[in-house]
Amino acid sequence: MLKLHDFCNRAPMSTLFGGRIADALPVLWVLATGEFDADVAEAQAKIDARLHRRFKIKVGRGDPGDDARRAVETASAIGCPCSIDLNEAWSFADSTRALAILDGSGVDILEQPLPRADLPGLADLARRSSLAIMADESACSTSDMIAIIRERAASYVSLKISKAGGPSRMLAIARMAQAAGINLFGGTALDSSIGTAANIQCCSTLPLAGGTELFMPLLLADDILEEPLAYRDFCVDVPSGVGLGVTIDEAKLRHYERK
Ligand SMILES: [Mg+2]
């Protein structure tokens with residue numbers, strides 16, 4: 001019998017999970033300075049370098065109205081689609097106030113504005129707004145997905161291997177979302193290059209509607225891969241080698257080992 005370990009020594013992980021349907025995945029960039037001018041300049045540099053053309057604007061620490069206005073102005077100045085991720089920071093009242101400002105702007109996705117358990121609240125926001133609601137913290141398991149589908153609480157789901165507890169569990173969540181007509185997005189738990197490669201392998205087998213945020217290796221000062229993941233033309237290439245498709249640089253691994 002062919003064991004999983006043997007299989008991963010012969011074929012890419014994407015083949016194990018049904019085969020890739022894309023050779024490269026779109027990757028967004030997070031704008032996190034909190035300053036309009038700095039965020040716009042950073043976005044323009046990423047567009048010029050052909051690295052990113054979708055952006056996630058970090059908000060949630062200030063007044064919701066001020067945050068929403070800054071996001072609208074930033075999205076308008078950049079001229080690219082943008083999303084915002086609240087990481088559960090807003091109340092329902094905050095969210096409705098902010099949505100009145102965000103509706104009709106270049107901000108098209110609102111990620112996890114409310115606490116994870118407030119699915120009725122998310123569903124209510126989804127009905128009131130032209131923005132798509134993305135579930136992240138609300139969508140950690142297949143039972144979470146049953147609840148999200150029942151409540152019609154989101155039209156996007158953020159998929160992460162570490163959040164789900166492994167590649168198979170993440171893909172089970174993805175299949176449920178797909179069957180319910182919920183769009184798929186390749187999220188990140190700020191994984192290493194190795195974790196990012198695993199997420200890329202899984203995401204390459206899925207019809208992503210929202211692309212990915214698998215940018216973390218671009219933030220690293222150094223990498224422990226022999227060949228870094230290739231970011232170009234607004235995408236990251238899906239590595240085609242066996243297993244995760246990446247090779248660990250053993251010398252670098254020893255260099256960064258914690259004694
Ligand atoms: Mg999130």
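The following paragraphs describe a helix, a metal site, two groups of strands and several single residues in a predicted model.

Helix α4 covers residues 64-78, which makes 15 residues, and the distance from its first C-alpha to its last is 21 Å, close to the 21 Å expected at 1.5 Å a residue. At the N-terminal end, α4 is capped by Asp 63, a side-chain oxygen of which lies 3.0 Å from the backbone nitrogen of Gly 65. At the other end, α4 is followed by Gly 79, a residue with a positive phi near 75 degrees. The buried residues of this helix are Pro 64, Gly 65, Asp 67, Ala 68, Arg 70, Ala 71, Thr 74, Ala 75 and Ile 78. The elements that cover them include the strands β2 (29-31), β3 (55-58), β4 (82-85) and β5 (107-111), together with the helices α3 (36-48) and α5 (92-102).

Two of the buried residues of α4 may be considered in turn, namely Arg 70 and Thr 74. Arg 70, which lies in helix α4, has a relative accessible area of 15% and is therefore classed as buried, the limit for this class being under 20%. When residues up to four places away in sequence are not counted, Arg 70 touches Gly 34, Asp 39, Ile 57, Lys 58 and Val 59. By contrast with these contacts, Gly 104, which is 34 residues away from Arg 70 along the chain, has its C-alpha atom 15 Å from that of Arg 70. Thr 74, also placed in helix α4, counts as buried at 0% relative accessibility. With its neighbours within four places in sequence left aside, Thr 74 is in contact with Leu 31, Phe 36, Asp 39, Val 40 and Ile 57. Asp 39 and Ile 57 thus appear among the contacts of Arg 70 and also among those of Thr 74.

The magnesium ion has three protein donors, Asp 85 (OD), Glu 111 (OE) and Asp 136 (OD), which lie 2.1 to 2.3 Å from the ion. Along the chain, these donors follow the spacing D-x25-E-x24-D. Asp 85 lies in strand β4 and Glu 111 in strand β5, so this pair ties together parts that are 26 residues apart in sequence. Both Asp 85 and Glu 111 are buried.

The two strands that carry this pair of donors are also joined to each other, since β4 and β5 run parallel and are linked by four bridges. Within this pairing, Ser 83 stands opposite Ile 109 in β5. Between the two strands the chain passes through α5, and the resulting β-α-β crossover from β4 to β5 is right-handed. Strand β5 also pairs with strand β6 (residues 132-135), again in the parallel sense, over three bridges. Here the bridge partner of Leu 110 is Ile 133 in β6. The chain reaches β6 from β5 by way of helix α6 (residues 119-128), and this β-α-β crossover is likewise right-handed. Four of the five residues of β5 are buried, so this strand is largely enclosed by the rest of the structure.

Helix α6 contains Asp 124, a residue that is partly exposed, with a relative accessible area of 24%. Asp 124 and Gly 62 are separated by 62 residues in sequence and by 23 Å in space, taken from C-alpha to C-alpha.

A further group of three strands forms an open sheet in the order β1-β10-β9, with antiparallel pairing. The edge strands of this sheet are β1 (24-26) and β9, each of which pairs on one side only. Strand β1 is joined by three bridges to strand β10 (residues 235-237), and these two strands run antiparallel. In this pairing, Pro 26 stands opposite Cys 235 in β10.

Glu 213 is found in the loop between α10 (193-203) and β9 (231-232). Although placed in a loop, Glu 213 is buried, with a relative accessible area of 4%. A polar atom of the side chain of Glu 213 lies 2.9 Å from the backbone nitrogen of Thr 188. Apart from neighbours within four places in sequence, the residues in contact with Glu 213 are Val 27, Leu 28, Lys 56, Ser 158, Lys 160, Phe 185, Gly 186, Gly 187 and Thr 188.

Notes: Residues numbered from 1 in each chain as written. Predicted model: local features only at pLDDT ≥ 70, side-chain atom pairs only at ≥ 80, totals over all residues. Heavy atoms only, no water. Expected span 1.5 Å × (residues − 1). Buried < 20%, exposed > 50% of the residue type's maximum accessible area, 1.4 Å probe, protein only. Contact = heavy atoms within 4.5 Å. Polar contact = N/O pair within 3.5 Å; in protein donor to acceptor, adjacent residues only side chain to side chain. Donors = N, O, S within 2.8 Å, 3.2 Å for Na, K, Ca; no water. Pairing = 2+ DSSP bridges. Right-handed = clockwise from strand over helix to strand, strands pointing away.
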